[in-house]
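User: Please take a close look at one part of this structure, the charged side chains and where they sit. A connected account would be preferred.

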Amino acid sequence: MSGPTLFMAGERWRCFLAPSRSSLFRVLHNSCCRKKSTTPKKITPNVTFCDENAKEPENALDKLFSSEQQASILHVLNTASTKELEAFRLLRGRRSINIVKHRENFGAFQNLESLMNVPLFKYKSTVQVCNSILCPKTGGEKRKLLENRFLRKLLKPVIERERLKAVNSIISIVFGTRRIAWAHLDRKLTVLDWQQSDRWSLMKGTSYASSVYLEEISSIISKMPKADFYVLEKTGLSIQNSSLFPILLHFHIMEAMLYALLNKTFAQEGQHQVLSINRNAVGKHFELMIGDSRTSGKELVKQFLFDSVLKANPRVFFPSDKIVRYRQMFLSTELQRVEELYDSLLQAVAFYELAVFDSEP
């Protein structure tokens with residue numbers, strides 16, 4: 001069935017409501033989604049939405065909704081518990097509590113106008129609440145909104161969900177002041193390549209010569225295989241800490257260089273192949289955060305290496321012809337702090353598990 005058309009301040013609202021699971025939502029379904037024999041007249045009340053406290057014409061709310069829609073909204077307002085009211089996004093927190101308290105103190109709501117007597121409700125917010133009650137978002141829509149919101153915080157720039165879902169392989173890159181490391185993983189979390197480079201002269205002196213950055217980074221990139229995406233670690237350093245400015249400048253130059261050199265087809269296709277992932281989000285995924293600080297991932301990577309040999313279905317798979325080399329490389333770093341090497345692998349795993357397989361926060 002086609003949904004009803006709601007009109008508010010000259011704009012058209014379209015509503016889609018999933019089948020209800022309770023009598024409360026059945027009432028909404030009957031009101032919001034039943035096909036009507038006549039098209040409601042478009043009503044444009046004399047309203048100025050930019051002023052939340054502006055006085056509205058008497059019974060202006062009632063003119064926006066049909067009698068059947070008003071009855072459905074009032075049924076929810078007069079019968080729903082606080083928990084049921086909080087199912088509507090705009091009624092979470094104090095608003096749902098205030099509705100129930102007002103109902104207990106003054107009785108049932110007789111019309112939509114009376115909702116504006118409740119604290120935190122003005123004309124504009126009341127209209128929005130009434131529309132959200134008539135047309136609540138379905139579970140699928142809510143999940144999609146949460147996914148998109150989470151992905152926007154996790155990755156920059158924003159990438160279409162379909163492109164992420166279709167990823168076959170990525171290269172995860174983590175760089176510091178002394179080295180750069182990368183891990184090449186496919187969607188089965190098989191480690192195809194894992195390396196680090198210690199040939200680093202970029203932080204010697206304070207000249208930040210562009211030609212030196214170009215030479216160093218181009219040499220490293222030439223060793224990297226092709227992948228669908230190149231994922232860079234987004235540093236969490238604050239620009240307000242002046243003592244860290246030289247390091248922060250180095251990170252930004254590195255990031256800009258990698259974006260430019262790896263996005264080889266961007267000018268023709270306009271599609272980003274280089275992404276930045278939030279460092280702390282990766283840390284939280286692996287429970288490596290202590291407050292705002294991230295601890296070493298060395299022990300977790302060590303466990304991945306052992307599990308790949310001992311378990312039939314390890315979380316991360318290291319091919320048998322490469323496992324010895326990777327273990328030797330790892331053991332050679334045990335007496336040093338080679339966090340870039342560990343983090344490049346963890347970042348690749350987190351990218352797949354958070355952004356490709358399951359983007360729920």
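Analyst: In this predicted model, Arg 149 has a relative accessible area of 39%, so this residue counts as partly exposed. Arg 149 is found in helix α7. That helix, residues 139-154, supplies three residues to a positive surface patch, the largest share of the patch. The members of the patch are Arg 89, Arg 92, Arg 149, Arg 152, Lys 153, Lys 156 and Lys 284. Arg 149 can belong to such a patch because membership requires over 30% relative accessible area and no salt bridge, and its value is 39%.

Other charged residues are paired. Side chains of opposite charge can pair when their charged atoms come close. Across the whole structure, a search finds seven salt bridges.

One of them joins Glu 340 to Arg 179, with an N to O distance of 3.2 Å. This pair links distant parts of the chain, 161 residues apart: Glu 340 belongs to helix α15 (residues 339-357), and Arg 179 to the loop between β4 (169-175) and β5. Glu 340 has a relative accessibility of 12% and therefore counts as buried. Arg 179 is likewise buried, at 10%.

The strand β5 (residues 180-186) runs antiparallel to β6, and six bridges join the two. Within this pairing, His 184 has Asp 193 of β6 as its bridge partner. Both strands belong to an open, mixed sheet of six strands, in the order β3-β8-β7-β4-β5-β6. Its edge strands, each paired on one side only, are β3 (155-156) and β6 (191-197).

Strand β7 of this sheet also takes part in a salt bridge. The side chains of Glu 233 and Arg 279 meet at 2.8 Å, N to O. Glu 233 lies in β7 (residues 229-234) and Arg 279 in helix α12 (residues 279-285), so that distant parts of the chain, 46 residues apart, are linked. Glu 233 is buried, with a relative accessible area of 13%, whereas Arg 279 is partly exposed at 22%.

A further salt bridge is formed by Glu 353 and Arg 315, whose closest N and O atoms are 2.8 Å apart. Because Glu 353 lies in helix α15 and Arg 315 in the loop between α13 (298-310) and α14 (323-331), the pair ties together parts that are 38 residues apart in sequence. Glu 353 counts as buried at 16% relative accessibility, while Arg 315 is partly exposed at 38%. Finally, salt bridges that share partners join Glu 233, Arg 279, Arg 294 and Asp 343 into one network.

Conventions. Residues are numbered from 1 along each chain as its sequence is written. This is a predicted model: local features need pLDDT of at least 70, side-chain atom pairs count only at pLDDT 80 or more; totals for chains, interfaces and linings use all residues. Side-chain values use heavy atoms; hydrogens and water are left out. Patches are made of residues with over 30% relative accessible area and no salt bridge: like charges are joined within 9 Å, nonpolar side chains (Val, Leu, Ile, Met, Phe, Trp, Tyr) within 5 Å. Accessible areas come from the Shrake-Rupley method with a 1.4 Å probe; for residues, only the protein chains shown count as cover. A salt bridge is a side-chain nitrogen of Lys or Arg within 4 Å of a carboxyl oxygen of Asp or Glu. Lys and Arg count as positive and Asp and Glu as negative; His and the chain ends are not counted. The place of a charge is taken as NZ of Lys, CZ of Arg, CG of Asp or CD of Glu. Helices (H or I, at least four residues) and strands (E, at least two) are DSSP runs, numbered from the N terminus. Buried means under 20% relative accessible area, exposed over 50%, partly exposed in between (1.4 Å probe, protein chains only). Two strands pair if DSSP finds at least two bridges between them.
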